[in-house]
Amino acid sequence: MRKNFGVKSWFYPLPVLIIGTYDEHGNADAMNAAWGGLYDSDLVEICLSAGHKTTKNIKVKKAFTVAFGTADTVAACDYVGLVSGNTESEKMQKAGFTAEKSKFVDAPVIKELPLALECKLEKITEDGNVIGKIVNITADEKILDENGEICVEKLRPIAFEPVKNGYYVLGEKVGTAFSDGKKLK
């Protein structure tokens, strides 16, 4: 038997995406945006409302970074989702985040978040969603395996669970994509 819940904004798992931007004065800002993901092989889409400082910054700088929240940065990632850059000028510092300028776009890479997509603004849709072209992926060496590839167990990305508002760490491998299903062919 199944239970019906009607229409809810539940999607599993929701990534914890930290959007990094610079404002018109070069000040770094970060915001937690769970509603986003890949739009195409080299494009991301982030659902942001017009009132966010991040949205304004993206319109000004035409660039942003998308970093992935980790188990080690839960409190900071949650904080930048609770507090608006429109009213808190020290948001990055209070979160304990430090920024370095991307080499590829006019946006900050947050040092404490070890994996980030560096994106140029492609367009803002009529619904207000931000679509960006990935121009580089940058990873801290501490999350790389012996072959120089990203290791999810070292990254320890977190996901947002929307029913009970929990953050959960991802990392247990349960199968191999594009392979396990072959036995059913």
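This passage looks at a buried serine, an aromatic pair and a nonpolar surface patch in a predicted model.

A good place to begin is Ser-102, which sits in the loop between strand E7 (99–101) and strand E8 (108–110). Although part of a loop, Ser-102 has a relative accessible area of 6%; this is under 20%, so the residue counts as buried. The side chain of Ser-102 has polar partners in the backbone of the loop residues that follow. One of its polar atoms lies 2.9 Å from the backbone nitrogen of Phe-104, and a polar atom of the same side chain is found 3.0 Å from the backbone nitrogen of Val-105. Beyond its neighbours within four places in sequence, Ser-102 also touches Ala-107, Val-109 and Glu-118.

Attention now turns to the aromatic rings. Two aromatic pairs turn up when the whole structure is searched. In one of them, Phe-160 and Tyr-167, the ring centres are 6.0 Å apart and the planes meet at 55°, so the pair is described as tilted. Tyr-167 is partly exposed, its relative accessible area being 27%.

The last feature lies on the surface, where Phe-5, Trp-10, Tyr-12 and Val-163 make up a nonpolar patch. Together, these four residues offer about 380 Å² of accessible area. Val-163 belongs to the loop between strand E11 (158–161) and strand E12 (166–169). With a relative accessibility of 38%, Val-163 is partly exposed; that value is over 30%, so Val-163 passes the accessibility cut-off for joining a patch.

Methods:
Residues are numbered from 1 along each chain as its sequence is written. This is a predicted model: local features need pLDDT of at least 70, side-chain atom pairs count only at pLDDT 80 or more; totals for chains, interfaces and linings use all residues. Side-chain values use heavy atoms; hydrogens and water are left out. Helices (H or I, at least four residues) and strands (E, at least two) are DSSP runs, numbered from the N terminus. Buried means under 20% relative accessible area, exposed over 50%, partly exposed in between (1.4 Å probe, protein chains only). A polar contact is a pair of N or O atoms within 3.5 Å; within protein, one must be able to donate a hydrogen and the other to accept it, and residues adjacent in sequence count only if both atoms are side-chain atoms. Contact means heavy atoms within 4.5 Å. Rings of Phe, Tyr and Trp (its six-membered ring) pair if their centres lie within 6.5 Å; planes under 30 degrees apart count as stacked, over 60 as edge-to-face and the rest as tilted. Patches are made of residues with over 30% relative accessible area and no salt bridge: like charges are joined within 9 Å, nonpolar side chains (Val, Leu, Ile, Met, Phe, Trp, Tyr) within 5 Å. Accessible areas come from the Shrake-Rupley method with a 1.4 Å probe; for residues, only the protein chains shown count as cover. A salt bridge is a side-chain nitrogen of Lys or Arg within 4 Å of a carboxyl oxygen of Asp or Glu.
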